[in-house]
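Open the model in your viewer, show side chains as sticks and keep the selection box at hand. The stops below go through charged pairs and then aromatic rings.

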Amino acid sequence: MKEYLAKNAPKLGFGLMRLPMQGDVVDHDELCRMVDLFMEKGFTYFDTAWMYCGFQSETAIREALVKRYPRESFTLADKLHAGFMDCKEDRDRIFNEQLRKTGVEYFDYYLLHDVGGERYDLLTEWDCFNWLVEKKKAGLVKTIGFSCHDDAEFVEKILSEHPEMEFVQLQVNYLDWESQGVQARKSCEVAAKYGKPVIVMEPVRGGTLAKLPPEAEAKMKAYAPDASIPSWAIRFAASKPQVWMVLSGMSNVAQMEDNLSYMQDFVPLNDTEEAIIRDAVGLINASIAIPCTGCAYCVEGCPMQIAIPQYFSLYNLDLQESDDKGWKPQEEYYERIAARRGKASDCIGCGACEAVCPQHLPIITHLKTVAEYFEG
């Protein structure tokens, strides 16, 4: 484990969840440019998963990274998600397919993904923790861990019952740091208590922290005119002592260049910057109605094909607009998406979305709100 979790490793990881797309297909050329830039600057950590980018992420990184660089020059993380399993036998079926899709002979990091609630029960029933230990013994995985979208008490339950886990992947960002729902700070403290390094997911909260209320952005720009708004969020997560790696889901070269500009020679936040972020949190909490991270787990199983994260984002954006702006584009975006997909009002209340939501949002209720707002 110490070999892989080097203390001086660059703290930025390339999250392969929101890759550049051309329609419904990953943009290979743009991804290659991003991979090349990332590697050129000395960053080596890549994070994929079975279902990312409509199940294309693993194959895309094979073509852009694995086939183009020596195996020892990068590290690759992949995951097993109980939501895409039906039985114990699916463990090896999915794992073997992941090896094939990524084109590697082993994974540097492998996670039991989104461990919590009923999924923890299923992973336990299917003996996935011991299974993962055996994969490590066989040399097919170098370092084992889990990700969790649950409260600090549940993180402690997992770590106390499975001390063999070597790291924890948690949702950490300044909006969730002190929240009662996500409990990012408390969860990081639990990880530190058990001596487990933290890998951060959702540092920009699915893009929520890339565009802030004008007053919050003004305070950040007044202090650091050249710093991007997302940089504050990623530096916040990377500044925490428990954090070993921060994953950023970059979608184009411009985002990659921005992230590398401040993470290559990373400087932790100072006290003034921490205070500016605390002020921003207060302003954001007053303007965000639906705290969706845009992970899109809810979309795959929706029988009505409702673009749930997009609708929630449009709703939040519309509420953040100033009242005197006049014409606002969100309703037009909504109507165009709804013409291709199910409308918010098409929800039949089956609950499939709520069963897989990492944030445990009352999606059905929120969809009713969105339908009333945009559809009248």
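Select Lys-67 in this predicted model. Lys-67 has a relative accessible area of 56% and therefore counts as exposed, the cut-off being over 50%. Now add Glu-63: the two side chains form a salt bridge, with N and O 3.0 Å apart. Glu-63 is partly exposed, at 26% relative accessible area. Add Arg-62 as well, and you have one network of Arg-62, Glu-63 and Lys-67, joined by salt bridges that share partners.

Next, select Arg-68. What does the side chain of Arg-68 meet in a salt bridge? The partner is Asp-36, at 2.9 Å from N to O. Colour by secondary structure to see what this pair connects: Asp-36 belongs to helix H1, while Arg-68 is in the loop between helix H3 (57-66) and strand E5 (75-81). The two residues are 32 residues apart, so the pair links distant parts of the chain. Both ends are partly exposed, Arg-68 at 37% relative accessibility and Asp-36 at 26%.

Stay on helix H1, which covers residues 28-40, and select Arg-33 and Glu-30. Their closest N and O atoms are 2.8 Å apart, in a salt bridge. Arg-33 and Glu-30 are 3 residues apart in the helix, which means that about one helical turn separates them. Is each partner buried or exposed? Arg-33 is partly exposed, with a relative accessible area of 45%. Glu-30 has 15% and so counts as buried, the limit being under 20%. The whole structure holds 22 salt bridges, and the ones visited here include Arg-33 with Glu-30.

The next two stops combine a charge with a ring. Select Trp-50 and Lys-101: the charged end of the lysine sits over the ring, 4.9 Å from the centre of Trp-50. Then move to Trp-177, where Lys-240 lies over the face of the ring at 4.7 Å from its centre.

Now leave the charges and turn to rings alone. How many aromatic pairs does a search of the whole structure find? The search finds 24. One of them is Phe-95 with Tyr-110: the ring centres are 5.1 Å apart and the planes stand at 65 degrees, so the pair is edge-to-face. Phe-95 is in helix H4 (residues 90-102) and Tyr-110 in strand E6 (residues 107-113), so this contact links distant parts of the chain, 15 residues apart. Show the surface and look for both rings: Phe-95 is buried at 0% relative accessible area, and Tyr-110 is buried, also at 0%.

Step from Tyr-110 to Tyr-109 and add Trp-244. This aromatic pair is tilted, with 45 degrees between the planes and 5.9 Å from centre to centre. Tyr-109 is in strand E6 and Trp-244 in strand E10 (residues 243-248). The pair links distant parts of the chain, with the two positions 135 residues apart in numbering. Tyr-109 and Trp-244 are both buried.

For the last stop, select Tyr-311, Tyr-315, Tyr-334, Tyr-373 and Phe-374 together. These residues form one aromatic cluster.

Notes. Residues are numbered from 1 along each chain as its sequence is written. This is a predicted model: local features need pLDDT of at least 70, side-chain atom pairs count only at pLDDT 80 or more; totals for chains, interfaces and linings use all residues. Side-chain values use heavy atoms; hydrogens and water are left out. Rings of Phe, Tyr and Trp (its six-membered ring) pair if their centres lie within 6.5 Å; planes under 30 degrees apart count as stacked, over 60 as edge-to-face and the rest as tilted. Helices (H or I, at least four residues) and strands (E, at least two) are DSSP runs, numbered from the N terminus. Buried means under 20% relative accessible area, exposed over 50%, partly exposed in between (1.4 Å probe, protein chains only). A charge sits over a ring if NZ of Lys or CZ of Arg is within 6 Å of the ring centre and within 35 degrees of the ring normal. A salt bridge is a side-chain nitrogen of Lys or Arg within 4 Å of a carboxyl oxygen of Asp or Glu.
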